[in-house]
Structures are given as structure tokens and as C-alpha cells.
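Dear colleague,

I am handing over the structure we spoke about, with sequence and coordinates below. Please look it over alongside my notes.

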Amino acid sequence: MGCCASNTAGGSKANRISRWRSTGIVGLRDSKLKTFPDEVIEMERAVRTLDLTHNKIADVPGEISKLINMQRLLIADNLVERLPGNLGKLQSLKVLMLDGNRISCLPDELGQLVRLEQLSISRNMLIYLPDTIGSLRNLLLLNVSNNRLKSLPESVGSCASLEEVQANDNVVEELPASLCNLIQLKSLSLDNNQVNQIPDGLLIHCKSLQNLSLHNNPISMDQFQLMEGYQDFEERRKKKFDKQIDSNVMMGSKALDVGVDK
């Protein structure tokens with residue numbers, strides 16, 4: 001670990017730490033850090049939000065487990081290759097942003113983050129997700145786009161609160177049947193993969209599903225339209241966009257696209 005960047009307009013080191021303690025927010029985005037700052041670890045229970053986005057940090061120390069009251073941890077766009085198992089001790093964590101690093105696997109202890117609501121780890125080198133991810137019963141958003149995943153674990157169907165799954169730009173070939181258990185799921189994005197079949201019953205059981213994007217996959221539009229529950233899915237999708245039009249929301253050119261190439 002190391003020290004924070006040199007003093008800036010934000011004042012002296014002592015003033016910064018005093019401000020961090022009073023607000024619980026540690027903002028070190030774009031600070032040219034190469035190591036995890038010691039002074040943050042020393043704050044322990046005072047830290048609620050830690051933003052280390054866009055630095056050059058390569059290692060997350062096990063001592064991060066001392067920040068037991070932290071709710072938001074943002075380490076996007078760094079050089080992190082691995083996460084310590086002690087990360088699982090951050091029982092208050094709700095948001096974990098790890099996009100744009102060099103992570104190839106997640107520790108099994110990830111499943112101990114039972115309050116986690118948002119997990120974003122796009123633009124990494126993941127080749128699999130741990131089965132323990134199924135323990136994240138409060139997870140609302142899972143973003144694993146731009147990795148090297150060949151599949152999603154069957155356990156993902158136990159993430160009962162999931163509303164959005166983003167897994168674009170991987171090499172996913174097969175989807176777990178357990179996706180049908182995600183009755184809160186509203187959006188499933190799988191563009192640029194190798195998916196050739198959707199689990200039977202997905203459109204029937206996932207009654208909240210309004211967006212299913214499968215561009216640049218082997219599955220055809222004909223296959224998709226023949227699925228049981230397709231008409232009900234279409235009604236939900238159209239109703240969603242009708243509401244957006246009524247609210248004068250500007251839509252992009254793909255807004256009314258069903259998400260499967262013809």
C-alpha cells in the first residue's frame with residue numbers, strides 16, 4: 001500500500017482525512033495512485049463510500065476487510081488482477097464496481113456479500129463466475145459484459161431479486177435453465193455471444209421481462225418467435241415503449257428492436 005497523491009486544492013492531508021471522516025465519502029478518482037492508500041485502511045469504520053476509479057492500482061490488500069461499514073466500493077479502470085478473499089467480510093457493501101481491470105476470476109467469498117445490490121465487472125478477463133454468486137439474494141444488477149465467459153452458472157437463478165443482467169461481448173454458448181426462476185428480471189442483454197437456444201419457459205416464467213437482446217448470436221428470429229410465451233413478451237415490450245413515448249422519452253434507433261437478428 002502507499003500514500004495518497006500529493007496535496008491539491010483540496011487542502012492538506014489532515015484536512016482531507018478530516019473531511020472524509022465527517023462525510024464517510026473518500027473520493028480519490030483520477031489521483032494517479034499506484035497503490036491502495038494506507039490512510040483509507042486506517043479510517044476503518046468511518047468509510048461509507050470509497051471511489052478509486054481511474055488510477056493505476058494493481059493490488060487490493062486483504063486489510064480492506066477493516067472497512068466493515070463501507071457500502072459503495074468503486075475501483076473501475078485500474079490494473080487490478082485479483083481480489084482478496086477478505087472482500088467477503090464487507091457485509092455492508094451494496095455497490096461493487098470493478099469495470100476495466102484485469103480480473104480473471106472472482107473469489108468464492110463473493111457470495112458472502114449478502115447485501116450487494118449492484119455488481120459490475122465488465123471489461124475484465126473473467127472466464128467463469130463462482131457458484132457462490134447464487135447467494136446474492138439482494139442483487140439487482142449484474143454486469144459481466146466484455147469478458148471471456150463461456151457460460152453463466154446455474155446458481156445465478158438463485159439471485160431472486162435480479163432485475164438486469166448484462167453479459168454482452170462474451171463467448172456464452174448456453175444459458176442455464178435456472179434463468180427461468182428470475183421472476184423479477186426485466187432486462188437480459190446477451191449481444192455478441194454464441195447463444196443458439198433460450199431456455200424453455202424463459203418467456204413464460206419471467207413475467208417481468210421487457211427487454212431481451214440477442215444480436216449477433218446463432219439464434220434466429222424464427223426460433224425466437226416460436227417460443228412459448230413470445231406473444232406475451234411482445235405485449236410487455238411494446239407496452240414499455242408505449243409508456244416511454246407517452247412520457248416524451250427520446251428513443252434510440254434500436255429502441256423498438258426485439259433484440260434478435262433476422
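What follows goes through the sheet, one loop residue, the cysteines and the aromatic rings.

Please bear in mind that this is a predicted model, in which local features need pLDDT of at least 70 and side-chain atom pairs count only at pLDDT 80 or more, while totals for chains, interfaces and linings use all residues. Residues are numbered from 1 along each chain as its sequence is written, and side-chain values use heavy atoms, with hydrogens and water left out.

To begin with the sheet, nine strands (DSSP runs of E, at least two residues, numbered from the N terminus) form an open sheet in the order 1-2-3-4-5-6-7-8-9, with parallel pairing, where two strands pair if DSSP finds at least two bridges between them. Strand 1 (25-27) and strand 9 (211-213) each have a single partner strand and stand at the edges, so one side of each is left without a neighbour in the sheet. On average, and with direction ignored, neighbouring strands are turned by 5 degrees against each other, the axes being lines fitted to C-alpha atoms and angles running from 0 to 180 degrees between N-to-C directions. Within the sheet, strand 2 (residues 49-51) pairs with strand 3 (residues 72-74) over three bridges in the parallel sense, and Leu 50 has Leu 73 as its bridge partner.

Lys 186 lies in the loop between strand 7 (164-166) and strand 8 (187-189) and is partly exposed at a relative accessible area of 40% (buried is under 20%, exposed over 50%, partly exposed in between, with a 1.4 Å probe and protein chains only). Apart from its neighbours within four places in sequence, Lys 186 is in contact with Glu 163, Ser 208, Leu 209, Gln 210 and Asn 211, contact being heavy atoms within 4.5 Å. The C-alpha atom of Lys 186 is separated by 8.1 Å from that of Cys 206, 20 residues apart along the chain.

Counting a disulfide as a pair of cysteine sulfur atoms within 2.5 Å, the total comes to zero. Cys 206 is in none, the nearest cysteine sulfur being that of Cys 180, 5.7 Å away, and Cys 206 is buried at 0% relative accessibility.

Finally, there are two aromatic pairs (rings of Phe, Tyr and Trp, the last by its six-membered ring, with centres within 6.5 Å; planes under 30 degrees apart are stacked, over 60 edge-to-face, the rest tilted). Phe 224 and Tyr 230 have ring centres 5.3 Å apart and planes at 80 degrees, so the pair is edge-to-face. Phe 224 and Phe 233, with centres 5.8 Å apart and planes at 80 degrees, are likewise edge-to-face, and Phe 224, Tyr 230 and Phe 233 form one aromatic cluster.

Best regards

Methods
Helices (H or I, at least four residues) and strands (E, at least two) are DSSP runs, numbered from the N terminus.
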